[in-house]
Amino acid sequence: MAARVLKQIERQLILYDIFQQNDEDTRLSTIMYHLPGINLRTLQRDIRDLTDAGLLQVYFSRDKNAYINYDEYRDERYGIDNDYGIFKSKNTGKMMYHV
């Protein structure tokens, strides 16, 4: 018996669920395991649709071969260390002095 072809909304619901279960990064192999037979371009379009709708904030890392939660990336790269999105800077004192 041939595998049933998933509709776009079904694929996107599965994708959303996969990303919700993984806090930090979601490996491409994990997605392909849960959505066998999906074309890579179709996967990219579905993720873009979810991102455009504001349901996901991810980017693809070639180094990790995974989709990374954008908040985790931003926190690491820019030194954000709290839930309020406030930047941690070595120059805060200098910046406040010049204000």
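**Exercise 1.** In this predicted model, decide whether Ser61 is buried or exposed, and state where Ser61 is found.

*Solution.* The relative accessible area of Ser61 is 11%. Buried means under 20%, so Ser61 is buried. Ser61 belongs to strand E2. Apart from neighbours within four places in sequence, Ser61 is in contact with Ala66 and Ile68.

**Exercise 2.** Work out which strands stand at the edges of the sheet.

*Solution.* Begin with the order: 3 strands form an open sheet, E1-E3-E2, with antiparallel pairing. Strand E1 (25–27) and strand E2 (58–61) each have a single partner strand, so both stand at the edges and one side of each lacks a neighbour in the sheet. From one strand to the next, the twist averages 25°. Next take one pair: E1 and strand E3 (residues 66–69) are joined in the antiparallel sense over 3 bridges. Thr26 has Tyr67 in E3 as its bridge partner.

**Exercise 3.** Check the span of helix H3 (residues 40–52), then find which of the residues of H3 are buried.

*Solution.* The expected span is 1.5 Å times one less than the number of residues. For the 13 residues of H3 this gives 18 Å, and the end C-alpha atoms are 18 Å apart, which agrees. The buried residues are Thr42, Leu43, Asp46, Ile47 and Leu50. They cover an arc of only 135° around the axis, so they lie on the same side of H3. Their cover includes helix H1 (8–21), helix H2 (28–34), E2 and E3.

Finally, the ends. At the start of H3, a side-chain oxygen of Asn39 comes within 2.9 Å of the backbone nitrogen of Arg41. Just after H3, Gly54 has a positive phi of about 85°.

Definitions and conventions. Residues numbered from 1 in each chain as written. Predicted model: local features only at pLDDT ≥ 70, side-chain atom pairs only at ≥ 80, totals over all residues. Heavy atoms only, no water. Pairing = 2+ DSSP bridges. Helix = DSSP H or I, 4+ residues; strand = E, 2+ residues; numbered from the N terminus. Axes fitted to C-alpha atoms, helices over the stretch in contact; angles between N-to-C directions. Buried < 20%, exposed > 50% of the residue type's maximum accessible area, 1.4 Å probe, protein only. Contact = heavy atoms within 4.5 Å. Arc of directions from axis to C-beta. Polar contact = N/O pair within 3.5 Å; in protein donor to acceptor, adjacent residues only side chain to side chain.
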